[in-house]
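Colleague: I'd like to go through this one with you and hear what stands behind the terms. Can you put it up?

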Amino acid sequence: MKAPPRTLAISLMRNDDIPRVLHVESLCFSTPWPRNAFHNELNDNKLAHYFVGRFEDEIIAYGGLWVVLEDAHITTVAVVPQQQRKRFGEQILIRLIEESIMRGARWITLEVRESNEAAQNLYKKYGFTVVSTRRGYYSDNDENALVMWAGNLKSDIYQNRLRALKESLC
Ligand SMILES: CC(C)(COP(=O)(O)OP(=O)(O)OC[C@H]1O[C@@H](n2cnc3c(N)ncnc32)[C@H](O)[C@@H]1OP(=O)(O)O)[C@@H](O)C(=O)NCCC(=O)NCCS
(Lines give C-alpha, C1' and ligand atoms only; values in the text may rest on other atoms or scores of the structure.)
Protein backbone atom coordinates (compact mmCIF):
# COMPACT_ATOMS: atom_id res chain seq x y z
CA MET A 1 0.00 0.00 0.00
CA LYS A 2 1.21 3.51 -0.87
CA ALA A 3 2.09 5.99 1.90
CA PRO A 4 -0.30 8.96 2.21
CA PRO A 5 0.54 11.54 -0.45
CA ARG A 6 2.62 14.56 0.37
CA THR A 7 1.11 17.84 -0.62
CA LEU A 8 2.44 19.58 -3.68
CA ALA A 9 2.43 23.38 -3.44
CA ILE A 10 1.07 24.36 -6.84
CA SER A 11 1.39 27.85 -8.31
CA LEU A 12 1.41 29.53 -11.70
CA MET A 13 4.63 28.97 -13.62
CA ARG A 14 6.71 32.14 -13.87
CA ASN A 15 9.62 33.04 -16.12
CA ASP A 16 11.99 32.55 -13.17
CA ASP A 17 10.86 28.93 -12.92
CA ILE A 18 11.87 28.05 -16.48
CA PRO A 19 15.49 26.98 -15.77
CA ARG A 20 14.38 24.41 -13.19
CA VAL A 21 11.46 23.31 -15.38
CA LEU A 22 13.91 22.75 -18.25
CA HIS A 23 16.02 20.59 -15.96
CA VAL A 24 13.02 18.42 -15.02
CA GLU A 25 11.98 18.38 -18.69
CA SER A 26 15.41 17.05 -19.71
CA LEU A 27 15.08 14.23 -17.17
CA CYS A 28 11.55 13.29 -18.24
CA PHE A 29 11.40 13.53 -22.03
CA SER A 30 13.50 12.22 -24.90
CA THR A 31 12.77 15.38 -26.92
CA PRO A 32 12.63 18.16 -24.31
CA TRP A 33 10.99 21.46 -25.11
CA PRO A 34 13.49 24.30 -25.60
CA ARG A 35 13.53 27.37 -23.35
CA ASN A 36 11.70 29.55 -25.88
CA ALA A 37 8.76 27.12 -26.01
CA PHE A 38 8.05 27.65 -22.31
CA HIS A 39 8.87 31.35 -22.60
CA ASN A 40 6.40 31.82 -25.44
CA GLU A 41 3.71 29.86 -23.65
CA LEU A 42 4.05 31.99 -20.52
CA ASN A 43 4.36 35.35 -22.22
CA ASP A 44 2.67 35.24 -25.62
CA ASN A 45 -0.08 32.63 -25.49
CA LYS A 46 -3.21 34.00 -23.85
CA LEU A 47 -4.87 30.57 -24.03
CA ALA A 48 -2.07 28.86 -22.10
CA HIS A 49 -1.98 28.16 -18.37
CA TYR A 50 1.08 26.56 -16.81
CA PHE A 51 1.68 25.45 -13.24
CA VAL A 52 4.62 24.25 -11.19
CA GLY A 53 4.46 22.01 -8.15
CA ARG A 54 6.96 22.47 -5.33
CA PHE A 55 7.84 19.95 -2.68
CA GLU A 56 10.26 21.01 0.04
CA ASP A 57 10.71 24.30 -1.84
CA GLU A 58 11.93 22.68 -5.03
CA ILE A 59 10.04 22.43 -8.30
CA ILE A 60 9.48 18.73 -8.86
CA ALA A 61 6.47 18.79 -11.18
CA TYR A 62 4.72 20.93 -13.72
CA GLY A 63 1.90 20.85 -16.19
CA GLY A 64 0.25 23.04 -18.75
CA LEU A 65 -2.84 23.38 -20.85
CA TRP A 66 -4.67 25.53 -23.36
CA VAL A 67 -8.30 26.38 -22.96
CA VAL A 68 -10.31 27.40 -26.01
CA LEU A 69 -13.98 27.97 -25.19
CA GLU A 70 -15.33 24.57 -24.09
CA ASP A 71 -12.21 22.58 -25.02
CA ALA A 72 -9.08 22.16 -22.92
CA HIS A 73 -5.89 20.58 -24.22
CA ILE A 74 -3.20 19.36 -21.84
CA THR A 75 0.16 20.12 -23.42
CA THR A 76 2.51 18.67 -20.83
CA VAL A 77 2.67 16.98 -17.44
CA ALA A 78 5.84 15.83 -15.72
CA VAL A 79 7.18 14.77 -12.34
CA VAL A 80 10.91 14.53 -11.73
CA PRO A 81 11.90 10.81 -11.86
CA GLN A 82 13.06 10.56 -8.22
CA GLN A 83 9.63 11.76 -7.04
CA GLN A 84 7.42 9.69 -9.30
CA ARG A 85 4.74 7.32 -7.97
CA LYS A 86 4.09 9.51 -4.94
CA ARG A 87 0.84 10.96 -6.24
CA PHE A 88 2.41 14.23 -7.33
CA GLY A 89 1.35 13.60 -10.92
CA GLU A 90 -2.24 13.23 -9.76
CA GLN A 91 -2.08 16.52 -7.90
CA ILE A 92 -0.84 18.39 -10.96
CA LEU A 93 -3.45 16.72 -13.17
CA ILE A 94 -6.24 17.66 -10.77
CA ARG A 95 -5.06 21.27 -10.89
CA LEU A 96 -5.16 21.21 -14.69
CA ILE A 97 -8.64 19.69 -14.75
CA GLU A 98 -9.95 22.17 -12.18
CA GLU A 99 -8.42 25.07 -14.09
CA SER A 100 -10.14 23.82 -17.24
CA ILE A 101 -13.50 23.61 -15.49
CA MET A 102 -13.04 27.02 -13.89
CA ARG A 103 -12.34 28.51 -17.35
CA GLY A 104 -15.48 26.97 -18.83
CA ALA A 105 -14.19 23.82 -20.51
CA ARG A 106 -16.44 20.79 -20.80
CA TRP A 107 -14.00 18.55 -22.66
CA ILE A 108 -10.33 17.89 -22.13
CA THR A 109 -7.91 16.14 -24.43
CA LEU A 110 -4.23 15.25 -24.78
CA GLU A 111 -1.80 13.14 -26.78
CA VAL A 112 0.33 10.47 -25.15
CA ARG A 113 2.92 8.07 -26.50
CA GLU A 114 1.56 4.61 -27.18
CA SER A 115 4.36 3.14 -25.02
CA ASN A 116 3.76 5.48 -22.05
CA GLU A 117 1.64 3.24 -19.86
CA ALA A 118 2.32 5.22 -16.69
CA ALA A 119 0.82 8.38 -18.14
CA GLN A 120 -2.05 6.52 -19.82
CA ASN A 121 -2.95 4.91 -16.48
CA LEU A 122 -2.88 8.27 -14.76
CA TYR A 123 -5.21 9.78 -17.37
CA LYS A 124 -7.54 6.76 -17.35
CA LYS A 125 -7.85 7.07 -13.58
CA TYR A 126 -9.22 10.58 -14.21
CA GLY A 127 -11.77 9.48 -16.77
CA PHE A 128 -9.82 9.86 -20.01
CA THR A 129 -10.43 7.30 -22.73
CA VAL A 130 -8.58 6.68 -25.97
CA VAL A 131 -10.53 8.07 -28.91
CA SER A 132 -8.04 7.82 -31.77
CA THR A 133 -4.45 7.22 -32.81
CA ARG A 134 -2.14 9.66 -34.60
CA ARG A 135 0.28 7.52 -36.54
CA GLY A 136 3.97 8.49 -36.38
CA TYR A 137 3.13 11.61 -34.34
CA TYR A 138 6.45 11.63 -32.43
CA SER A 139 9.23 12.48 -34.86
CA ASP A 140 12.13 11.14 -32.74
CA ASN A 141 11.10 7.50 -33.11
CA ASP A 142 7.99 7.69 -35.30
CA GLU A 143 5.89 6.48 -32.38
CA ASN A 144 2.12 6.72 -32.52
CA ALA A 145 0.23 9.07 -30.23
CA LEU A 146 -2.95 8.02 -28.54
CA VAL A 147 -5.49 10.82 -28.37
CA MET A 148 -7.38 10.73 -25.08
CA TRP A 149 -10.48 12.67 -24.07
CA ALA A 150 -12.47 13.17 -20.90
CA GLY A 151 -15.79 14.88 -20.34
CA ASN A 152 -18.33 16.17 -19.81
CA LEU A 153 -16.27 17.83 -17.07
CA LYS A 154 -19.32 19.71 -15.81
CA SER A 155 -21.56 16.67 -15.52
CA ASP A 156 -22.51 15.34 -12.09
CA ILE A 157 -20.91 12.02 -12.98
CA TYR A 158 -17.54 13.61 -13.70
CA GLN A 159 -17.69 16.04 -10.78
CA ASN A 160 -18.50 13.18 -8.38
CA ARG A 161 -15.65 11.11 -9.78
CA LEU A 162 -13.22 13.99 -9.39
CA ARG A 163 -14.41 14.66 -5.84
CA ALA A 164 -14.01 11.00 -4.88
CA LEU A 165 -10.50 10.86 -6.35
CA LYS A 166 -9.51 14.03 -4.52
CA GLU A 167 -10.86 12.65 -1.26
CA SER A 168 -8.93 9.43 -1.74
CA LEU A 169 -5.76 11.52 -2.18
CA CYS A 170 -6.26 13.07 1.25
C1 LIG B 1 3.17 10.23 -15.98
C2 LIG B 1 3.68 10.89 -14.69
C3 LIG B 1 3.39 12.38 -14.75
C4 LIG B 1 2.92 10.26 -13.50
O5 LIG B 1 3.27 10.98 -12.32
P6 LIG B 1 3.47 10.25 -10.93
O7 LIG B 1 3.59 11.29 -9.89
O8 LIG B 1 4.56 9.25 -11.02
O9 LIG B 1 2.10 9.45 -10.79
P10 LIG B 1 1.21 9.26 -9.50
O11 LIG B 1 2.02 8.73 -8.37
O12 LIG B 1 0.42 10.50 -9.24
O13 LIG B 1 0.26 8.07 -9.97
C14 LIG B 1 -1.09 8.28 -10.31
C15 LIG B 1 -1.58 7.14 -11.19
O16 LIG B 1 -0.84 7.10 -12.40
C17 LIG B 1 -0.63 5.75 -12.80
N18 LIG B 1 0.82 5.47 -12.80
C19 LIG B 1 1.79 6.34 -12.44
N20 LIG B 1 2.99 5.77 -12.63
C21 LIG B 1 2.78 4.53 -13.10
C22 LIG B 1 3.65 3.47 -13.49
N23 LIG B 1 4.98 3.58 -13.41
N24 LIG B 1 3.09 2.33 -13.96
C25 LIG B 1 1.75 2.21 -14.05
N26 LIG B 1 0.87 3.18 -13.69
C27 LIG B 1 1.39 4.34 -13.22
C28 LIG B 1 -1.38 4.89 -11.81
O29 LIG B 1 -2.71 4.74 -12.29
C30 LIG B 1 -1.40 5.77 -10.58
O31 LIG B 1 -2.48 5.53 -9.73
P32 LIG B 1 -2.38 4.34 -8.62
O33 LIG B 1 -1.22 4.66 -7.77
O34 LIG B 1 -3.70 4.44 -7.91
O35 LIG B 1 -2.18 3.07 -9.37
C36 LIG B 1 5.18 10.60 -14.49
O37 LIG B 1 5.40 9.21 -14.63
C38 LIG B 1 6.09 11.35 -15.44
O39 LIG B 1 6.42 12.52 -15.21
N40 LIG B 1 6.54 10.68 -16.52
C41 LIG B 1 7.48 11.31 -17.47
C42 LIG B 1 6.83 12.41 -18.25
C43 LIG B 1 5.58 11.94 -18.96
O44 LIG B 1 5.53 10.84 -19.51
N45 LIG B 1 4.55 12.79 -18.95
C46 LIG B 1 3.30 12.51 -19.60
C47 LIG B 1 3.36 12.97 -21.00
S48 LIG B 1 1.81 12.65 -21.85
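Colleague: What is the bridge partner of valine 67 in S4?

Modeller: Alanine 72 is the partner of valine 67. This is a predicted model, where local features need pLDDT of at least 70, side-chain atom pairs count only at pLDDT 80 or more, and totals for chains, interfaces and linings use all residues. Residues are numbered from 1 along each chain as its sequence is written.

Colleague: What makes S3 and S4 a pair?

Modeller: Two strands pair if DSSP finds at least two bridges between them. Eight bridges join S3 to S4, and they run antiparallel, so the pairing criterion of at least two is met. Strands here are DSSP runs of E, at least two residues, and helices are runs of H or I, at least four, numbered from the N terminus. In the S3–S4 hairpin, two residues sit between the strands, and leucine 69 in the turn has a positive phi of about 50°.

Colleague: How many bridges join S3 to S2?

Modeller: Eight, again antiparallel. Tyrosine 50 stands opposite glycine 64 in S3. The hairpin of S2 and S3 has two residues between the strands, and glutamate 56 takes a positive phi near 50°.

Colleague: Why is S3 called largely enclosed?

Modeller: A residue is buried if 20 or more other C-beta atoms lie within 10 Å of its own, exposed if 12 or fewer, partly exposed in between, with C-beta atoms placed from the backbone. Eight of the eleven residues of S3 are buried, so the rest of the structure largely encloses S3.
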